[in-house]
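Let's take a walk through this protein together, one piece at a time. Have the sequence and the 3D view open side by side as you read.

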Amino acid sequence: MKQSNDSDMGKPPIISIRGLTKTYKGGHQALKGIDLEIREGEILALLGPNGAGKTTLISTICGLVTPTSGTVSVGGKDIIKDYRATRSLIGLVPQELTLGAFDVVIDTIRFSRGLFGMKPDERYLDSLLADLSLLDKKQSMVSRLSGGMKRRVLIAKALAHQPRVLFLDEPTAGVDVELRKDMWKLVEKLRQEGVTIILTTHYIEEAEEIADRVGVISDGRLLVIDEKDNLMNSLGQKQLMVDLKTPISALPDSLKDFDLLLSDDGQRLTYTFDAKGERTGITALLHAVSEAGLGLKDLNTSQSSLEDIFVNLVHNEGRQK
Ligand SMILES: Nc1ncnc2c1ncn2[C@@H]1O[C@H](COP(=O)(O)OP(=O)(O)OP(=O)(O)O)[C@@H](O)[C@H]1O
Ligand SMILES: [Mg+2]
C-alpha cells in the first residue's frame with residue numbers, strides 16, 4: 001500500500017487503527033485488515049464503491065460495530081476499554097437518517113450534548129443551528145421536517161458536544177446544492193478550529209476539492225492513502241490530443257510504438273503519458289507525426305481527475321482477484 005511520509009511525526013495521531021478486521025454474523029468479511037493513522041486537524045476523504053466497508057470502518061471507530069480483531073485508539077485511548085472517553089471525542093453524522101420522530105429540534109440537540117456530559121450552552125447550540133440554517137426550525141417537530149432538514153439536524157446533533165473528530169458518512173448523498181454549500185462552509189470553519197474530519201463520499205469532485213488526504217477502500221481493504229496532491233501526481237496520467245488536418249484510416253507503422261489511440265473518425269490521436277515521468281515522449285511523438293506526413297490542426301492536453309484514478313484503482317483491484 002502506498003502511504004505518504006508523515007511530515008508531522010512528532011504529533012501522535014488522533015486516531016490509530018491497527019490490523020482491524022470485521023466479519024459480520026453470517027460470515028461476510030467487511031474489513032480485511034485496515035491499518036490507518038489519522039492526523040489531528042486533517043480532512044480525510046474515504047472513497048470506495050458500495051459495500052467496500054466504509055460505513056463498517058466508521059461504525060467500528062465510533063463503537064457501534066464490534067471489531068473481530070485489531071485495535072483502534074482515539075485520542076490515545078482504546079475504543080473498547082475506554083468507550084465513553086473515546087466516544088465523547090467523536091461526532092458522527094450517520095449515513096442513514098436516525099432521528100426520533102416526536103422530538104423538537106432543539107430538544108434532540110440539547111439531549112445529544114447532555115449525553116456526553118457537556119454543560120448546557122444555548123449560545124453555542126444557537127450558533128450551530130444558525131450555521132446549518134436551522135434557527136427558524138428550532139422549535140419544530142423533527143417529524144415535520146423535510147429529508148434535507150433532517151440531515152441538517154443530524155449534523156447539529158453530531159456537533160452538539162463539540163467533538164474533536166467529526167465523521168460524515170455520505171453527508172451529501174441526495175442533498176440539495178444549498179445544504180452542500182452550508183455543509184462545506186461549516187466543515188471549513190471546523191477545520192479552522194482544529195477539528196479532524198473524516199468523510200465518505202461518492203462525489204469524487206468533492207473529495208478533490210475539500211480533502212487533505214484521500215483513502216480508497218475496496219472490498220474491505222485500504223488500497224491507497226496519500227495526500228491528495230501526491231495521489232494525483234503519482235497516479236495521474238496526462239493525455240495529449242492531437243487533431244489532424246486530414247483524417248487517416250489507420251495508424252502509420254512508424255507511430256505504432258507510441259501509446260496512441262486513433263479516434264473512430266480518424267481525426268484525433270490520443271497519446272497517454274506519465275505526467276511525472278522525466279521524458280514525456282511528446283517531442284519524439286510530434287516529430288514522428290510530422291515525419292509520417294500528417295498535418296496538425298490542434299493540440300490539447302488533459303490531466304486525469306481523482307475520479308479516473310479511483311476508477312482505475314478499483315477496477316485493477318477487481319481484475320487481480
Ligand atoms: N449489519 C450487517 N450485517 C451483515 N453484513 C453487513 C452489515 N452491515 C454491512 N454489511 C456488509 O458489509 C459490507 C460492507 O458494508 P458497508 O456498509 O460498510 O459498505 P459501504 O462502503 O459503507 O457501502 P456504501 O457506499 O453502499 O455505503 C457489505 O457487503 C454489507 O452488505
Ligand atoms: Mg456506507
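A good place to begin is a pair of helices: H5, spanning residues 147–159, and H6, spanning residues 177–192, have axes that come within 11 Å and cross at roughly 10°. With an angle like that, under the 35 degrees used as the limit, H5 therefore counts as roughly parallel to H6. On the H5 side, the contact is made by Gly148, Arg151, Arg152, Ile155 and Leu159, and on the H6 side by Glu178, Leu179, Asp182, Met183, Leu186 and Leu190. Sorted by class, the residues of this contact are 6 nonpolar, 1 polar and 4 charged. Please keep in mind that what you are looking at is a predicted model.

Let's step back for the overall picture. The chain contains 10 helices and 15 strands. Its C-alpha atoms fill a box of roughly 80 × 45 × 40 Å along the principal axes. Of its 321 residues, 44% count as buried. Among contacts with a separation of 6 or more, 71% come from residues 24 or more positions apart.

Now for a second helix pair. Two packed helices are described by the angle between their axes and the distance between the axes. For helix H3 (residues 105–115) and helix H4 (residues 122–131), the axes come within 11 Å and the crossing angle is roughly 125°. That angle makes H3 oblique to H4, and the crossing of the two is right-handed. If you would like to find the meeting point on screen, look for Val105, Ile106, Ile109, Arg110 and Arg113 in H3, which meet Glu122, Tyr124, Leu125 and Leu129 in H4. The contact of H3 with H4 is made up of 6 nonpolar and 3 charged residues, with no polar ones.

One residue of H3 deserves a closer look. Val105 is found in this helix; is Val105 buried or exposed? Its relative accessible area is 0%, so Val105 is buried. Not counting residues up to four places away in sequence, Val105 touches Leu129, Lys137, Lys138, Ser140, Val142, Leu145 and Val153. To move on to our next stop, follow the chain to Val214: Val105 and Val214 are 109 residues apart in sequence and 34 Å apart in space, C-alpha to C-alpha.

Val214 brings us to strand E10, which covers residues 213–218 and is mostly covered itself, with 6 of its 6 residues buried. Arg213, Gly215 and Ile217 point one way from E10, whereas Val214, Val216 and Ser218 point the other way, and all are buried. What does E10 pair with? Strand E4 (residues 43–47) pairs with E10 in the parallel sense over 4 bridges, and here Leu44 stands opposite Arg213. Strand E11 (residues 221–227) also pairs with E10, in the antiparallel sense and over 6 bridges. In that pairing, Gly215 stands opposite Ile225 of E11. The hairpin of E10 and E11 has 2 residues between the strands, and Asp219 takes a positive phi near 50° there.

Following E4 onward leads to Gly53, which lies in the loop between E4 and helix H1 (54–61). Gly53 has 7% relative accessibility and so counts as buried. Leaving aside neighbours within four places in sequence, Gly53 is in contact with Ala30 and Leu31. Gly53 and Arg221 are 168 residues apart in sequence, but 8.0 Å apart in space from C-alpha to C-alpha.

Our last stop is a sheet. Four strands form an open sheet in the order E13-E14-E12-E15, with antiparallel pairing. At its edges are strand E13 (260–262) and strand E15 (296–303), each of which pairs on one side only. From one strand to the next, the twist averages 20°. Strand E14 (residues 268–274) is joined to E13 by 3 bridges, and the two run antiparallel. You can locate this pairing by finding Leu260, which stands opposite Tyr271 in E14. Finally, helix H9 (residues 282–291) lies across strand E12 (237–244), E13, E14 and E15, and runs at about 160° to E14.

Conventions
Residues numbered from 1 in each chain as written. Chains lettered and ligands numbered in written order. Predicted model: local features only at pLDDT ≥ 70, side-chain atom pairs only at ≥ 80, totals over all residues. Heavy atoms only, no water. Axes fitted to C-alpha atoms, helices over the stretch in contact; angles between N-to-C directions. Parallel < 35°, antiparallel > 145°, perpendicular 65-115°, else oblique. Left-handed = near helix turned anticlockwise from the far one by under 90°. Contact = heavy atoms within 4.5 Å. Nonpolar A, V, L, I, M, F, W, Y, C, P; charged D, E, K, R; others polar. Buried < 20%, exposed > 50% of the residue type's maximum accessible area, 1.4 Å probe, protein only. Pairing = 2+ DSSP bridges.
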